[in-house]
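Reader: I should like to understand how the descriptive terms applied to this model are justified. Please set each one against its definition.

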Amino acid sequence: MENLEVVLEINKIKENIKAYSKTLIASKKIDELKPSKDFNFLSKELNKLKETQTVLNLYNDFPIRSEIDMYEAISYAKKGNVFDELTLNTIKQEIQTTVDVIKYSLKIREDLSYLNELFMALKADEQLYSEISNAISTDNTVKDSASKELFNIRRSIQSLNKSIHSSLNSIFNKFKDKLSGDNFVMRNGHYAIPVSTSYKASVEGIVQDVSDSGQTTFIQPKEVLELENQLAVLRIKERDEINKILYQLTTKVVEKGNELINNNEILGELDFLSCKAKYAKEIDANIPILNTNKCFKLYNAKHPLINKEVCVGNDFVLGKDKTLMIISGPNAGGKTIALKTVAICAYMIKIGLAIPCSVDSEMCVFDNIYIDIGDSQSIENNLSTFSAHISNVSVIIQSVTSNDLVVIDELCTGTDPKEGEALAVAIVKRLLKTRTLSLITSHYELLKKYGLTNSNILNASFIFNEKNVTPTFKILLGVSGKSYGFLISKKFGLDSEIINDAKKIYNDSFESEDDKKLHALNEKERYLSTKDEKLKLRQDSLNKLKEELSKKENELKERENKLKNQKIDKFDVFLNDKYNEINNIYNAFLKDKNLKKAEEKLDKINVKKKKNENITVGNYITIKSLDVAGKVVSENGNKLRILTSDGFTLNATKDQCEIIEAPKNAVKSSVNLDKYILGQKNVSSSLNLIGYRVDDALITLDKYLDDCVLRNLKEVKVIHGYGSGKLREGIHKFLKTKKNVASFKIGSELDGGSGSTIITLK
C-alpha cells in the first residue's frame, strides 16, 4: 500500500505551514509532525491552536524572530568550544525577543490557560543582555571597552600604526628619486615600498616581492620591520584578550543555559502555533467539534491544496447508523478529490491542525486511515492494476477495526465487470460488518442498487450539468448518480450512430423493467434534491439579507436614540443656563430694586420664535426636536422633506424647523436632489469615493449599488484613487460579498487605471 502521506501530499501542507516559520524550533516541529490517536492530546493541541487564533486576531502577530537552536548551542559550548561574536549577538537578540514577547503578553486581557502558562514561564536575563551588549558591537566585533586590557592594547596598536605610517612617509621622502611608485603597498602581509630595481641596494630591508616586469622591487624597510614585529606581538595579545572575553561571555551563557534553552523552546512553540494559525487563516480552516462517537460531519469541506477561490465545498456526513458512503457520478466529476478531502481532513486532525470546513463541523479521531487511490500497478512485483488494487484492499480488510477510516477509489475495477461488481458488494458487506467508517467511489450498478437497499449505506453523487455536459463538483447526499458515459462520449466527438447503437445494446442487454423504474426514481430524487439544494441556498441568502436588514434597523434606532439623548442633554444644559441667568437677574433686583433694569435683562434672554412661514426648497434648516441639520429638498404645504449631511431623508413640519446658514463646506452639486430622492432613474454611472474612510466608503457604495440595481444599470465605475491602496483593497473585499455583483476589475487607462474599479452588476 502506498505511503499515506505521499498519496495525500501531506509534505506540501507541511511546507505551506513552514513558510510562516520564524524560528528553527518551529520548522523542526512542523517537519516532525506525526499523527496521533490520543483524543486528549489532540484535544489539548487544538485548544492551544484556538487560543493562538484568538490572540493573533486581537493583538496581531507574536514579536518573534529567532535564528538559533539554543540546546545545540549550549551543548556545543559545554564541549569546551567558545562562542564567536556573531553567535553571542544572536543570543543577545534571543534575550531581546524574550523581553518583547513578555511585553506583548502583558497587553492580553483574555483568559488563556495554555498560552498564559507559556508566557509566565519566560524569563529574560537583562544582565546577560547588557554584558553581551557592552562587549560585542552590532557589527559582530569585540568593543575596545570590553576590557581595560583590550582598550590599552588597541590604543598601543593605533599608536604603532601611526609610527609605521610616519616611518613610511619619511622613507618615501628620503628615497623618492629611487621609487617607482608614489605610495606604499602590502606584500605578503607586510608594508613595502616600490623601489626601482636598479636602486634596490640603496634601501636597507627585506625584499617581499618583485613586479612581473622585474623593474620594481618591493622592499620592507628595516625601520618598519622592527615596528611590524612589535605590532605582531600586540596583535597576538589582542587575539588572546578577545578570546579571553569571548570565553568569559560563553561561560556566563552556559551558566544561564537551562533558562535560555527553556525560553528558546517556548518561543519555538509560540511560533509553531502561530504558523498553524496563519495557515488555517490562509485556507479558511476552522477547528471542528471533536467527538468520541466515531462519526464526522464535515460541512463545506474543501481540499486544502486547491485554490480556495475555485474549490467547491461539499458536505460529508457519516457515523451512527450510516457507516459507509458510496459516491457515484461521471469521470472527472470530483469523486477522487472528495475522497482525498475527507482523508486529508481526518489526517490533519491527527496532527493537530485546523481543517478547511465550516466552524460547525464535527470530527472524530481515527486510530488509522487506510486508502487505496489511483493506479497502483507494480512493475517491480509484476502486478497488474487490479492485482495491486486487490492486494491493497486485502491488507485493509485484514487490518481494519471500527476505529479506523477506509477510503477506496473505484472499488474492484480492472477485471471482468460482473466479477468486479460481485467482489465490490462482498467487500462492502465486510466493511459494514466491522462498522468501519468507509467512503467508496464506484460506477457499478449492482453496488449502487445494494446501497439503495441497505439502511447502513449513504448514497451520494456528484451533480452533472447535462445541458453543458460539464461537472459541477457539487455532491448530493442520499442520491446515487449516473456515469453519463454516452453524453460525455458525444461531447468528445464519438459518432452519433455508434452512441445510439450503444444505447440500444445497453437497454436490450442490461436494463430490465425494474432497472428502468429504479433509474426513474433516482432521476426524480436527484431532481428533488437539486431543488432542495437551491431552496436551501435561497433560504440562506434570505436569512443573510434578513440579518443585514435587522442590523441596519438597529443602527438606525441606535442613531435615533443617540440624537434624542443628545437633544435632551443639550436642552438640560440650555434650561440650566437660563435658570442661572434668571436667578442672577433676580438676585440683582433684590439688591438694587431696579425693576426697569431687570425687565430689560429678562427681555434679552427671552427666546423668541423665528417665523417659519418663509422656509422653502433649498433652505438649510435644523429640526429642533432632533438637533439635526439638513437641506430642504421638497415642500408640500406645511410639510418638508429634508436631506441630512449623512445622507438620511427626514420629514418634518415647518413649525418644527428653523432656518440656519448654509454650511461653508456644503458641496454644490448639479444633481437634482428632488428627482433623486423621489426615486427617478437619474443615477450616475460612476461613484467618487476619494477622501472617504473605508467604513464610510463601504456604506455609501452599498447604497449606490442597490440604487444601480433598481435602475437596471449593468456596468458602473467606482473611483477610489491610488493612495495607500487600503481603500481599493477594502472595496474589492466588500464587492466579493455582494450577491448583485457579477464581477469587477481594475479600470483601463481611459477609466483611470488602478485608481478606479469597473463593476459589472447582475
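Author: A residue is called buried under 20% relative accessible area, exposed over 50%, and partly exposed in between (1.4 Å probe, protein chains only). The model is a predicted one, in which local features need pLDDT of at least 70, side-chain atom pairs count only at pLDDT 80 or more, and totals for chains, interfaces and linings use all residues. Residues are numbered from 1 along each chain as its sequence is written, and side-chain values use heavy atoms, with hydrogens and water left out.

Reader: Why is Leu545 called partly exposed?

Author: Its relative accessible area is 45%. Because partly exposed lies between under 20% and over 50%, the term applies to Leu545. Leu545 belongs to helix 18 (residues 513-592); helices are DSSP runs of H or I with at least four residues, strands are runs of E with at least two, and both are numbered from the N terminus.

Reader: Why is Thr341 called buried?

Author: Thr341 has a relative accessible area of 3%, and the term buried therefore holds for Thr341. This residue lies in helix 12. Its C-alpha atom is 8.8 Å from that of Leu8, although the two residues are 333 apart in sequence.

Reader: How do you know that the length of helix 12 agrees with expectation?

Author: The expected span is 1.5 Å times one less than the number of residues. For the 16 residues of helix 12 (residues 335-350) this gives 22 Å, and the end C-alpha atoms are 23 Å apart, so the two agree. Of these 16 residues, 14 are buried. Just after the helix, Gly352 has a positive phi of about 75°.

Reader: What makes strand 10 covered on both faces?

Author: In a regular strand the side chains alternate between the two faces of the sheet. In strand 10 (residues 369-372), Ile369 and Ile371 on one side are buried, as are Tyr370 and Asp372 on the other.

Reader: What makes strand 10 and strand 11 a pair?

Author: Pairing requires that DSSP find at least two bridges between the strands. Strand 10 and strand 11 (residues 405-408) have four bridges, in the parallel sense; the pairing criterion is therefore met. Ile369 stands opposite Leu405.

Reader: Why are strand 18 and strand 19 called edge strands?

Author: Five strands form an open antiparallel sheet in the order 18-17-16-15-19. Strand 18 (649-653) and strand 19 (657-660) each pair on one side only. Strand 19 is joined to strand 15 (residues 620-623) by four bridges, with Thr622 opposite Glu658.
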